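Me: I have a few questions about side-chain contacts and helix packing in the model below. Please reason briefly and end on the value or name.

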Amino acid sequence: MGYVIGVDVGGTFTDAVLADDHGNIVGAKAPSTPPDYSEGVIDVLRVLAEQLEIPLDAMLADTRHIAHGTTSSLNALVMGNVPPVGFLTTRGHGDSIYIMNVEGRYLGSSPEQLQSVMTQSKSHGLIPKHHTFEVTERVDRDGNVVVALDEQNVREAVQAILDQGITAIAVSLLWSFRNDAHERRIREIVQELAPGTFVSLSSEVSPRIREFARSATTIMSTQIGPGLAHYLENLEGTLRENGLRGPLLVMQSNGGAIVAGEAPATAISTVGSVLTGGVVGAVALGKQLGHRNVVATDVGGTTFLVGLVVDGEPVRSSGTVINHHPVNVPTLEVHAIGSGGGAIAWIDQGGNLQVGPKSAQAVPGPACYGQGGTEPTNTDANLVLGILPASGLLGGRKGLDLEKAREAIRTRIAEPLGLSIEDAAAAIYAVQNAQTGDLLRKTVVEAGHDPRDFVLYAFGGAGPANCAAYAAELGVSEVVVPLGPVASAFSAYGLATSDIVLAAELSDPVTLPADPAKVERNFQGLERRVLESLERQGITFESVQLHRELDMRFAMQLAELPIEVASPVTEEELTVAAHRFEHRYEELFGAGSGFAAAGVQAITYRVRAVGTLPISLELPLIDEGESSDPSVAAIDSRPVRLDSSGFTQTPIYDYTRLRAGHHIQGPAIVQVPTTTVVVPGGMSGTVDARGNLLIATGVRPDEPAGTRHATTERTAILNGAVS
C-alpha cells in the first residue's frame, strides 16, 4: 500500500489528509504546537495512523511523499520575529532599502489607512543601518563590468558583519541580474571567512529589474532562510526516525512543491505555502465537479483567505507585499485578512466593535477552549449563538466551555456596549460576515469578474459556519462545502494534490518589436535552469510541462502584467502577446486606458516547470440515500441564532449519517467531526455523490450582483444589537 500525505500547519490547528492507492482518503486535525510546530505535525500524523489502525512507523514507511505547508515563515516576517541579517550592496546604494523607492510608505495600505496621515507608521525598515555595508564594484545595465570587485573591501565588510554576531548575509548588487559574477564571488569570500554562514544572492532569489524590490525580497528571504532550514531539518529528521522513506516536500507560493532540502535557499518562495493549498485543492475538486470558475474561501483559526480559479486555472501574480515591502516571487494570488475563528473581538477608541486582525491562535486560544484565554473570539460568539455544539470540537476531543465564552463576551463587548450577551455575540457574527463579504467583493468584483459566474467553495474549520452568509453578500448562487474525508482539512488536501512546480526568471527589458531569436534564447536558458532543478528533486514524474510568460507594460508606465507566450517565439507570436497584454490591461484598468502608441515593452521573462506526480486524489463516491429525506441523520435540535429574528429551534444533523441525495432545508446545522456547517433559513443544502454539501443561496443567476437581502439582514442585526 502506498500513501500520499498533505500537512497544513496553521496558527491554531494542524490539518492532514492521506490518500492511498485504492482511492481511499482520510483527514485529521490536531492543535498546532508553537513554537515547535513539528510536534503538531507528528500529532496529526498519529491521528491519521489511528484511523488506519496501523502504527505510525508502518504508515510512514509506506508513504511516497509528504507535502507540507507552514505559516511559520510568513508569521515570522509579519511579526518581525527574525534574526539579524547583514546586507551587502553596491557602493552608493546602501540607502536604497531605507528610501524604499517611496512606494514602501504606501504598499499594502488600504485607502482608509492612506487617508489617515497622522496614524501612519513610518518605521518600515527591514534592517538597522549598521547592518548595511557597501562594496566597491559596478556592472552596467548590459551586464558589462565597469568597476572590478574590490575583494579586500568585501572581506572587510563581511568581517564587520560577522563581528556583530550576524550569521546570515543578503547580497544585492546593482544590475546583478544581468551579470551575477560579483555576487557569486562575494558568497565564496563569505564561505572562506566563515564556513556555514547563510548567504542569499539577489541574482538567485529575485533576478528582476528594480533595485528596491529585488533587495527587499533578498533580505526577507535571508531573514527566514536559517529558521526554515532548522525547522525542516528537525522535522525531516523526526519523520525519518519514525519511518518515513519518501521525500518531504514543501509547498511554495506558486502553487507547487519543492523538496525540503532546496526550500531554504529561496525561502521567500514558501511564505504563502499554506495560503495556496486551498486554491490548489479547489482546482482539483473543480475538475471533479465540472466547475471552472471558483471562489476559494478558507476560514481557519487565524485568517480568512480568498483565491480565484478562472477558466480552470488559479489566478497568478508576479509578486505580493509583506509589511510594506514588495516580494518579487511568482505566487498564486491569495487575499487574506485576520478574520478567522480565533479572531479577537474588541472595541476601538470610538466605541465601535471590531473583529481581528489579532488572533487568540492555538495558545491560549478562544476563551471557550479553557486554556487561559480571556478575550472573546468568533469561536466564542458561535458557541453562544448555538452554532457550535456544546459537546466540543474534533468529535468531542476538544472541549468547549460555554460559560467562559459568555463571560469573555460579557466583560469585553456586551457591557461596554450596553448589550445582552446574545446580542453582542450576534454583532460579532455579523461583523465577521461583513468583513469577509467586503474582501470577497474586492477580490472578485474589483478584478473585473461577475460573481454570478462563479461557484464558491468554503472550507477550513470555521468556513462552513459562515459561508452561506458571506456567499449571499457576494451574490453567488451556489456554495460547495467539501466534506467527506477532507472536511476542514481541505487545504491539506490541496497540498496532497500539488505537483512539483519550479520557476525561473530573468529581467531583460526590450521595446517591441524585438528580435524573436534573442527572446527565444532567454526562454531556453530559463528552461534549462528549471529542468536541471527538477532533476535535483530526485522524484519520478509522470510528465513535465513548461509554461512561458513575459511581464509586459506600456512604455513610461509601471504597471506590468504577465502574459503567456507560446513556443517557439516568432515575430507573429510577439505581436499576438502584445495584443493579449493590451486586452488584459483594459480588462483591469478600464476600456480606453491602454495607449499602444506609446509602445509596449517586455520586461521580465519567466518559465514555470510543472512536474506532475503519479497520484490521483479524487474524492470517493458515497452511498446514495433511499430518498431525499434527511431525517435519518437528524440527531437533535437546539436554539440557534443566525439573524435578527433571534433564536430559533434548529434541527441538527449528523454528517456521518447523511447520504448522497439527502436534501436539507434551512435553517439547519450539520455537524461534522472537524467542522460545523450552517444552512440559514431561506436556503437549502443537498449532499452530492462525493459527500460535499451544495448550498443554494437563493440568489438567481439573473439577479443583479450585490442585491441579496443578506446585507439588509446584517444591518438589521447590527442596528438591533446597538439600539
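Me: Is aspartate 508 buried or exposed?
Reply: The model is predicted, and the class follows from the relative accessible area. Buried means under 20%. Aspartate 508 has a relative accessible area of 6%, so this residue is buried.

Me: Which residue meets aspartate 508 in a salt bridge?
Reply: Aspartate 508 lies in strand β25 (residues 500-511), and its partner sits 10 residues apart, in helix α16. The partner is partly exposed, with a relative accessible area of 37%. The N to O distance is 3.8 Å, and the partner is lysine 518.

Me: How many residues apart are arginine 536 and glutamate 262?
Reply: Their side chains meet in a salt bridge at 2.9 Å, N to O. Arginine 536 belongs to helix α16 (residues 516-536), while glutamate 262 is in the loop between β12 (257-259) and α10 (273-289). The pair links distant parts of the chain, and the separation is 274 residues.

Me: Why does arginine 412 count as partly exposed, and what is the distance between the closest N and O atoms in its salt bridge with glutamate 375?
Reply: Partly exposed lies between the limits of 20% and 50%, and arginine 412 counts as such because its relative accessibility is 37%. Glutamate 375 is also partly exposed, at 29%. Arginine 412 is in helix α12 (residues 402-417), and glutamate 375 is in the loop between β22 (353-359) and α11 (378-384). The closest N and O atoms of the pair are 3.7 Å apart.

Me: What is the count of salt bridges?
Reply: A pair counts when a side-chain nitrogen of Lys or Arg is within 4 Å of a carboxyl oxygen of Asp or Glu. Some are linked in a network, made by Glu151, Arg155, Arg185, Glu188 and Glu192. The count comes to 34.

Me: How are helices α13 and α14 oriented to each other?
Reply: Helix α13 (residues 421-444) packs on helix α14 (residues 463-474) with the axes 8 Å apart and an angle of about 50°. The crossing of α13 past α14 is right-handed. An angle between 35 and 65 degrees falls outside the parallel and perpendicular classes, and α13 and α14 are therefore oblique.

Me: What is the area of the nonpolar surface patch that includes Val544?
Reply: Valine 544 is found in strand β26 (residues 543-554). Valine 544 is partly exposed, with a relative accessible area of 42%, and patch residues need over 30%. With Leu531 and Leu546, Val544 makes a patch of about 210 Å².

Conventions. Residues are numbered from 1 along each chain as its sequence is written. This is a predicted model: local features need pLDDT of at least 70, side-chain atom pairs count only at pLDDT 80 or more; totals for chains, interfaces and linings use all residues. Side-chain values use heavy atoms; hydrogens and water are left out. Patches are made of residues with over 30% relative accessible area and no salt bridge: like charges are joined within 9 Å, nonpolar side chains (Val, Leu, Ile, Met, Phe, Trp, Tyr) within 5 Å. Accessible areas come from the Shrake-Rupley method with a 1.4 Å probe; for residues, only the protein chains shown count as cover. Helices (H or I, at least four residues) and strands (E, at least two) are DSSP runs, numbered from the N terminus. Buried means under 20% relative accessible area, exposed over 50%, partly exposed in between (1.4 Å probe, protein chains only). Axes are lines fitted to C-alpha atoms, for helices over the stretch in contact, and angles run from 0 to 180 degrees between N-to-C directions. Angles under 35 degrees count as roughly parallel, over 145 as roughly antiparallel, 65 to 115 as roughly perpendicular and the rest as oblique. A crossing is left-handed if the near helix is turned anticlockwise from the far one by less than a right angle, and right-handed if clockwise.
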